[in-house]
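Here are a few notes to read alongside the model. Have the sequence and the 3D view open as you go.

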Amino acid sequence: MLKTNGDWVLAHLEQLRNKKVLVVGDVGLDVSLIGAITRLSPDAPVPVLDVAQEDTRLGLAANVAHNIRTLGGECHLISVVGQDLACADLKKILDKNHIKSYSLIEDPLRPTTRKLRLLAGQHHIARVDYEKQNPLVAAVKTQVMEAIAVAMDDADIVILQDY
C-alpha cells in the first residue's frame, strides 16, 4: 500500500545517509542568464536580454549526484565529458560539493554538455544546448565500462540516469 505520509518519506530518505551510491549517466552544467528585456535589437527584431545575474548549477546526472550528497549519501559519478572549460567548471563544482569526479572520462571529440537558459524574470525566453548525442567511440566506451566495473565493487546502490 502506498503511503503519502511525509514522515514515511523522510524515514526512508534517512536510509540513504552514509550509503555509497554510484551514478552513471550524462553530466552537464545548467547555466541560467537572468535579466530583463527592455528593448529590441537593432540587428534583428528580437528581444535583448540585459543580464543581471548568472547562475551555474550541476545538471543531468551531476544533479542527481548532488541530490544524493545533499541527502547524506556518498556519491561516485561516472560520465563522459569534453576537454574544455566547461569540464573544468563542472569539476570545480563537483569538488566543492564533495562528489567524486575522478571517473569523468574526457573525450576530445565532444563538448561537455551545457544547457544555457535565457530568463526574463520568470519567463523562459530561449535555451541553447552545447552537446553531442552521437554514440561513444569504442575506446571511450571501454573506459566507461572499466570504471563502472571497478566502482560497482564499492557501491551500495547504483543509479543509471538517462535524460
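1. A word on charges before we start: Lys and Arg count as positive here, Asp and Glu as negative, while His and the chain ends are left out. On that basis the protein chain has 18 positive and 21 negative charges, and the mean positions of the two sets lie 2 Å apart. Do keep in mind that this is a predicted model.

2. For the overall picture, count four helices and eight strands in the protein chain. Going along the sequence, they come in the pattern α-β-β-β-α-β-α-β-β-β-α-β. The C-alpha trace spans about 60 × 50 × 30 Å along its principal axes.

3. Now look for the open sheet of four strands, ordered β5-β4-β1-β8 with parallel pairing. β5 (100-106) and β8 (157-160) are at the edges with a single partner strand each, so one side of each has no neighbour in the sheet. On average, neighbouring strands here are turned by 15° against each other, direction ignored.

4. Zoom in on β4 (residues 74-81), which pairs with β5 in the parallel sense over five bridges. A handy spot to find is valine 81, opposite glutamate 106 in β5. Helix α3 (residues 85-96) packs on the sheet and touches both β4 and β5, its direction making about 165° with that of β5.

5. Which strands does helix α4 lie across? Helix α4 (residues 138-152) lies across β1 (20-24), β4, β5 and β8, and runs at about 170° to β4.

6. Last, some totals: of the 163 residues in the protein chain, 36% are buried. The accessible surface comes to about 10,300 Å², with 55% of it belonging to carbon and sulfur atoms.

Terms used. Residues are numbered from 1 along each chain as its sequence is written. This is a predicted model: local features need pLDDT of at least 70, side-chain atom pairs count only at pLDDT 80 or more; totals for chains, interfaces and linings use all residues. Side-chain values use heavy atoms; hydrogens and water are left out. Two strands pair if DSSP finds at least two bridges between them. Helices (H or I, at least four residues) and strands (E, at least two) are DSSP runs, numbered from the N terminus. Axes are lines fitted to C-alpha atoms, for helices over the stretch in contact, and angles run from 0 to 180 degrees between N-to-C directions. Contact means heavy atoms within 4.5 Å. Buried means under 20% relative accessible area, exposed over 50%, partly exposed in between (1.4 Å probe, protein chains only). Accessible areas come from the Shrake-Rupley method with a 1.4 Å probe; for residues, only the protein chains shown count as cover. The place of a charge is taken as NZ of Lys, CZ of Arg, CG of Asp or CD of Glu.
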